[in-house]
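Please load the model in a viewer with the secondary structure drawn as a cartoon and the side chains available for display. The tour proceeds by selections, each followed by a description of what the selection shows.

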Amino acid sequence: MNHLEPASQSRQQQIFTVTRLNSAVRMILEQDLGLVWLTGELSNLAMPSSGHWYFSLKDMSAQVRCAMFKGNNRRVPFRPQDGMQVLVQARVSLYEPRGDYQLIIESMQPAGDGMLALRFEELKRRLGAEGLFDEGRKRPLPREPRAVGLVTSATGAALHDMLTVLRRRAPDLPVFIYPTQVQGSAATAQIVSAILLANRRAEVDVLIVGRGGGSLEDLWCFNEEAVARAIAGSAIPVVSAVGHEVDVTISDFAADLRAPTPSAAAELVAPDRSARAQRLVHLRQRLSQAMSRHQVAVRHGFALLQKRLDHQDPKRRLEQQSQRLDELDRRLQQHLRDRLHQGERRLASLAMRLQARSPEKLLAIGKRRHQLAEERLHALIAKRQDLAHHRLAMLGARLDGISPLATLGRGYAIVRTPSGEVIRRASQVNAGQTLITTLAEGALRVRVDEVDNR
């Protein structure tokens with residue numbers, strides 16, 4: 001008995017209730033997957049009075065149920081509609097009462113800029129995994145450069161700003177301009193070609209690659225993989241100076257140094273009269289980068305702590321109960337509508353049956369049947385009369401065919417004795433005998449003068 005007890009206890013430990021199983025699966029999904037980004041088409045969007053949103057996200061071959069509670073959907077700046085393409089950030093979860101896998105949406109934005117942001121994050125992650133952004137690959141800028149190269153638009157305001165700063169800080173410093181487009185479909189190839197040209201000529205000690213501010217789409221050529229690889233592969237140290245201070249591009253991560261603006265980049269590469277000030281600028285840049293990395297690490301730790309707190313937060317169970325309440329309300333409304341439709345259909349059926357058994361309708365049907373029977377009777381009588389007339393005519397014709405009157409009409413006569421005997425042979429008559437001859441019209445009494453038996 002002692003040997004069997006541990007096995008029995010082990011089997012009992014593996015027995016789950018449905019509630020416990022669903023709760024365990026939900027915890028696994030939320031802990032392991034965390035927040036995910038995905039894009040898709042909205043469908044089956046429902047906005048009940050509770051303020052929560054329920055919908056499905058689908059693509060060409062699959063779909064997933066989603067819930068966005070009112071605390072999050074209040075921050076959505078547009079009105080979602082069925083068929084709209086969106087980009088969402090969500091945590092994977094499980095709706096325990098029904099055992100349905102679902103997404104809890106934290107944020108939503110229209111596809112477009114959102115898709116560019118998603119491409120940005122994916123390329124940043126992939127190139128970062130390759131080590132393209134490692135700090136160990138980045139080179140310090142020369143303190144006393146012999147010449148500076150500018151890869152930018154020849155007609156842009158950024159070029160004017162950089163030239164102004166360079167003339168002010170180092171009037172004798174040679175500047176080489178490698179003109180290129182900085183916006184549009186052709187800009188990527190031109191920027192890459194300009195960087196390669198500067199490396200082939202080897203006439204500058206540092207390169208500034210950049211342009212002025214703009215939208216995410218305007219700056220997108222600096223988020224292309226080809227530009228990032230050209231910057232990372234440059235033998236000349238590169239300073240990325242794209243847009244304003246708030247603008248961040250893939251080129252910033254691939255470059256040896258990021259400048260918040262083109263003017264700031266010119267200040268960083270131009271030797272100052274005071275080496276100490278230059279050193280302070282460099283130290284400040286390093287401090288900013290260290291603080292950024294520290295902030296990223298702190299945010300990551302905070303996110304982990306927040307995730308652990310969320311798993312213990314009663315808000316999750318409250319959200320589940322709220323969603324359950326919305327579902328029960330929807331089912332109740334649907335049940336009431338179904339019962340109402342059933343009553344309406346039954347009432348319509350009874351009305352049709354009552355109308356079918358109405359005395360007026362039955363009387364009309366009887367009259368119609370009587371009328372049809374009378375018409376058929378008249379038709380039958382007329383048909384019978386026609387048949388009788390036809391038969392009478394045929395019998396009359398047959399009678400006429402065998403009637404002696406017809407024979408008499410052709411010039412023949414019937415000869416009889418006064419007693420009515422029909423004379424067929426001459427031997428029946430004697431000379432001087434009186435006979436009666438019947439013609440077609442009238443009769444003759446004749447006397448036989450002579451009998452010829454031949």
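Two strands are taken to pair if DSSP finds at least two bridges between them. The model toured here is predicted.

**First stop: the three-stranded sheet**

Select residues 414-416, which form strand β11, together with residues 434-438, which form strand β12. The two strands run antiparallel and are joined by 3 bridges. Two residue pairs can be displayed here: Ile414 stands opposite Thr438 of β12, and Arg416 stands opposite Ile436 of β12.

Next, add residues 443-447, which make up strand β13. β12 and β13 pair over 5 bridges, again in the antiparallel sense. Display Thr434 and its bridge partner in β13, Arg447. Then follow the chain through the hairpin of β12 and β13, where 4 residues lie between the strands. Within this hairpin, Gly442 adopts a positive phi near 90°.

With the three strands selected together, an open sheet appears in the order β11-β12-β13, with antiparallel pairing. β11 and β13 occupy the edges and have a single partner strand each, so one side of each is left without a neighbour in the sheet. On average, neighbouring strands of this sheet are turned by 25° against each other, direction ignored. In general, strands of a sheet pair through backbone hydrogen bonds, either parallel or antiparallel.

**Second stop: the barrel**

Now move to the strands β1, β2, β3, β5 and β4. These 5 strands close into a barrel in the order β1-β2-β3-β5-β4, and their pairing is mixed. The twist from one strand to the next averages 55°.

For one contact within the barrel, select β1 (residues 35-46) and β4 (residues 85-95). They run antiparallel and are joined by 7 bridges. Leu35 can be displayed with Arg91 of β4, which it stands opposite.

**Third stop: the salt bridges**

The structure holds 17 salt bridges. Begin with Arg126 and Glu225, whose closest N and O atoms are 3.0 Å apart in the salt bridge that they form. Arg126 belongs to helix α4 and Glu225 to helix α7 (residues 225-232), so the pair ties together parts that are 99 residues apart in sequence. Arg126 counts as partly exposed, at 29% relative accessibility. Glu225 is likewise classed as partly exposed, at 25%.

Which residue besides Arg126 should be shown with Glu225? Select Arg229, which forms a salt bridge with Glu225, the closest N and O atoms being 2.9 Å apart. Both Arg229 and Glu225 lie in helix α7, 4 residues apart, about one turn of the helix. Arg229 is partly exposed, with a relative accessibility of 34%.

To see the wider arrangement, select Glu122, Arg125, Arg126, Glu130, Glu225 and Arg229 together. Salt bridges link these residues in a network.

Proceed to Glu135 and Arg293, which form another salt bridge, with the closest N and O atoms 3.9 Å apart. This pair links distant parts of the chain: Glu135 is in the loop between α4 and β6 (148-152), whereas Arg293 is in helix α10, 158 residues apart. Glu135 is partly exposed at 41% relative accessibility, and Arg293 is partly exposed at 46%.

**Last stop: the largest pocket**

Where is the centre of the largest pocket to be sought? Select Phe253, Arg258, Ser288, Gln289 and Ser292, which lie nearest that centre among the 33 lining residues. About 1,200 Å³ of space lies in this pocket. The elements that give two or more residues to its lining are α4 (113-129), α8 (250-254), β10 (257-258), α9 (262-269) and α10 (275-312). Colour α10 separately, since this helix can then be followed along the lining, to which α10 gives the most, with 12 residues.

Finally, colour the lining by residue class: there are 12 nonpolar, 7 polar and 14 charged residues.

Note on methods
Residues are numbered from 1 along each chain as its sequence is written. This is a predicted model: local features need pLDDT of at least 70, side-chain atom pairs count only at pLDDT 80 or more; totals for chains, interfaces and linings use all residues. Side-chain values use heavy atoms; hydrogens and water are left out. On a 1 Å grid over the protein atoms alone, a cavity is a set of points where a 1.4 Å probe fits but cannot get out, and a pocket is an open set with protein on both sides within 12 Å along at least five of seven lines; lining residues have an atom within 4 Å of a point. Grid points are joined across faces, edges and corners, and a volume is the space filled by probe spheres set on the points. Ala, Val, Leu, Ile, Met, Phe, Trp, Tyr, Cys and Pro count as nonpolar, Asp, Glu, Lys and Arg as charged, and the others, Gly among them, as polar. Axes are lines fitted to C-alpha atoms, for helices over the stretch in contact, and angles run from 0 to 180 degrees between N-to-C directions. A salt bridge is a side-chain nitrogen of Lys or Arg within 4 Å of a carboxyl oxygen of Asp or Glu. Buried means under 20% relative accessible area, exposed over 50%, partly exposed in between (1.4 Å probe, protein chains only).
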